[in-house]
Amino acid sequence: MHELSLLRGVVDAVEGVAQGRTVLRVGLDVGSRSGVIPEALDGAWPVARQNSVCEGAELQVTEIPAAVWCPSCGCEREIDEFFALTCPVCGTPTADLRHGREFQVTFVDVE
Ligand SMILES: [Zn+2]
């Protein structure tokens, strides 16, 4: 399972940060185009944290909407993940994806 192996990587990273302290909460940014399904993360977390420093820790997933930089509008525009890489306001095609591929630990709360 894709999500489980990703979370095992998260647990490894948290282990390095926590250095033996009790971990209460782990924050994770997940982009809507990262290919990761937040619901699957919730399901896999109890398995991934077993016998680790994260045992008992809560996983807080923040979904990051996909956004492209539109050169015509001169700003970032959020895109629906089912649309092609096109500005939803003016229709200009753009391959400049600024957000949406995130998969990163944002914070670790320890006791
Ligand atoms: Zn535009």
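Two strands count as paired if DSSP finds at least two bridges between them. By that rule, β1 and β6 pair in the antiparallel sense over seven bridges, and one such partnership joins Val23 to Val110 in β6. The model described here is predicted. Its parts include an open sheet of three strands, a helix α2 that lies across β1, β2 and β6, and a zinc ion coordinated by four cysteines, Cys70, Cys73, Cys87 and Cys90.

**The three-stranded sheet**

- The strand order in the open sheet is β2-β1-β6, and the pairing is mixed.
- β2 (58–64) and β6 (103–110) are the edge strands; each has a single partner strand, so one side of each has no neighbour in the sheet.
- From one strand to the next, the twist averages 20°.
- Strand β1 covers residues 23–31 and runs parallel to β2, to which seven bridges join it.
- Gly31 has Ile64 as its bridge partner in β2.
- On the β6 side, β1 is also joined by seven bridges, but here the sense is antiparallel.
- Seven of the nine residues of β1 are buried, so this strand is largely enclosed by the rest of the structure.

**Val61, a residue of β2**

- Val61 is located in strand β2.
- Its relative accessible area is 24%; because buried means under 20% and exposed means over 50%, Val61 is partly exposed.
- Val61 and Asp29 are 32 residues apart in sequence, yet their C-alpha atoms are 6.0 Å apart in space.
- Apart from neighbours within four places in sequence, Val61 is in contact with Leu28, Val30, Pro38, Leu41 and Asp42.
- Of these contacts, Pro38 and Leu41 are also listed among the buried residues of α2.

**Helix α2 against the sheet**

- Helix α2 is formed by residues 38–48 and runs at about 170° to β2.
- Its buried residues are Pro38, Ala40, Leu41, Ala44, Trp45 and Ala48.
- Viewed down the axis of α2, the buried residues fall within an arc of 145°, so they line one face of the helix.
- The elements that cover these buried residues include α1 (2–18), β1, β2 and β6.

**The zinc site**

- The zinc ion is coordinated through the SG atoms of Cys70, Cys73, Cys87 and Cys90, at 2.2 to 2.3 Å.
- Angles of 102 to 117° are subtended by the four donor atoms around the zinc ion, which makes the arrangement tetrahedral.
- Along the sequence, the spacing of the donor residues is C-x2-C-x13-C-x2-C.
- Cys70 has a relative accessible area of 0% and is therefore buried.
- Cys73, another donor to the zinc ion, counts as partly exposed at 28% relative accessibility.

**The β3–β4 hairpin**

- Strand β3 (residues 67–70) and strand β4 (residues 75–78) run antiparallel and are joined by four bridges.
- In this pairing, Trp69 has Glu76 in β4 as its bridge partner.
- The two strands form a hairpin with four residues between them.
- Gly74 lies in the turn of the hairpin and has a positive phi of about 70°.
- The residue range of β3 includes position 70, and Cys70 is one of the donors to the zinc ion.

**Loop residues with positive phi**

- Gln19 has a positive phi of about 50°, although it is not a glycine.
- Gln19 sits in the loop between α1 and β1.
- With a relative accessibility of 64%, Gln19 counts as exposed.
- Asn51 is likewise not a glycine and has a positive phi of about 55°.
- The loop that holds Asn51 is the one between α2 and β2.
- The relative accessible area of Asn51 is 73%, and Asn51 is therefore exposed.

How values were computed:
Residues numbered from 1 in each chain as written. Predicted model: local features only at pLDDT ≥ 70, side-chain atom pairs only at ≥ 80, totals over all residues. Heavy atoms only, no water. Axes fitted to C-alpha atoms, helices over the stretch in contact; angles between N-to-C directions. Contact = heavy atoms within 4.5 Å. Donors = N, O, S within 2.8 Å, 3.2 Å for Na, K, Ca; no water. Tetrahedral: all angles 85-135°; square planar, octahedral: opposite > 155°, others 65-115°. Buried < 20%, exposed > 50% of the residue type's maximum accessible area, 1.4 Å probe, protein only. Arc of directions from axis to C-beta.
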